[in-house]
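Grab a viewer and work through a few short exercises. Try each one yourself before reading the solution.

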Amino acid sequence: MSAEDDGEAIWIGVTRKSAGAECPGCGRWSNRIHGSYLRFPADLPSAGRRVVLRLQVRRFTCTDTSCRRQTFVE
Ligand SMILES: [Zn+2]
């Protein structure tokens, strides 16, 4: 977790450290990252300052070619 203060808001970055994730479709472990995007699940006012959570969400490709999910979000 990291925090940055740009004077207007405090940005809290949350990144998961695990190398992979388990596919919810077949339970197979995958570490093939398909991409990632940022999500801002909360914008919390705190003592007059904005506190913004910056959550990195990764999308994985399932390694099982017969799996119907193909890609999934951790
Ligand atoms: Zn799968």
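Below are four exercises on a predicted model, each with a worked solution.

**Exercise 1. Work out which strands pair with strand E7, and in which sense.**

Start with the parallel case: strand E2 (residues 9-14) is joined to E7 (residues 49-61) by 6 bridges. To find the register, look at Ile10, whose bridge partner in E7 is Val51.

Now go to the antiparallel ones. Strand E5 (residues 33-39) shares 6 bridges with E7, and there Arg39 is partnered with Leu55. Strand E6 (residues 43-46) also runs antiparallel to E7, over 4 bridges; Ser46 has Arg49 as its bridge partner in E7.

Finish with strand E8 (residues 71-73), which pairs with E7 in the antiparallel sense through 3 bridges. Here Arg59 stands opposite Val73.

**Exercise 2. Find the protein donors of the zinc ion and decide what geometry the site has.**

Step one is to pick out the donor atoms: they are the SG atoms of Cys23, Cys26, Cys62 and Cys67, at 2.3 to 2.4 Å from the zinc ion.

Step two is the angles. Among the 4 donor atoms they come out at 100 to 112°, and the site is tetrahedral. The cut-off you need is that all angles must lie between 85 and 135 degrees for four donors.

Step three is to read the spacing along the chain, which is C-x2-C-x35-C-x4-C. Cys26 sits in the loop between strand E3 (21-22) and strand E4 (29-30), while Cys62 sits in the loop between E7 and E8, so this pair ties together parts that are 36 residues apart in sequence.

How many disulfides does the structure hold? The count is 0.

**Exercise 3. Sort Cys23, Cys26 and Cys62 into buried or partly exposed.**

The cut-off for buried is under 20% relative accessible area. Cys23 has 2%, so Cys23 is buried. Cys62 comes in at 5%, so Cys62 is buried too. Cys26 has 36% relative accessibility, so Cys26 counts as partly exposed.

**Exercise 4. List the residues of the largest nonpolar core, then check what Ala21 touches.**

First, the members: Ala21, Cys23, Phe60, Cys62, Cys67 and Phe72 make up this core of 6 residues. As background, nonpolar side chains tend to be buried together in soluble globular proteins.

Next, cross-check with the zinc donors, which include Cys23, Cys62 and Cys67; these cysteines are also in the core list.

Last, take Ala21 and skip its neighbours within four places in sequence. What remains in contact with Ala21 is Arg28, Trp29, Ser30, Phe60, Phe72 and Glu74. Phe60 and Phe72 are core members as well.

Note on methods: Residues are numbered from 1 along each chain as its sequence is written. This is a predicted model: local features need pLDDT of at least 70, side-chain atom pairs count only at pLDDT 80 or more; totals for chains, interfaces and linings use all residues. Side-chain values use heavy atoms; hydrogens and water are left out. Two strands pair if DSSP finds at least two bridges between them. Helices (H or I, at least four residues) and strands (E, at least two) are DSSP runs, numbered from the N terminus. A disulfide is a pair of cysteine sulfur atoms within 2.5 Å. Buried means under 20% relative accessible area, exposed over 50%, partly exposed in between (1.4 Å probe, protein chains only). A nonpolar core is a set of buried Ala, Val, Leu, Ile, Met, Phe, Trp, Tyr and Cys residues joined through side-chain atoms within 4.5 Å. Contact means heavy atoms within 4.5 Å. Donors are N, O and S atoms within 2.8 Å of the metal (3.2 Å for Na, K and Ca); water is not among the atoms, so sites may look incomplete. Four donors count as tetrahedral if all angles lie between 85 and 135 degrees; four count as square planar and six as octahedral if opposite donors are over 155 degrees apart and all others between 65 and 115; anything else is irregular.
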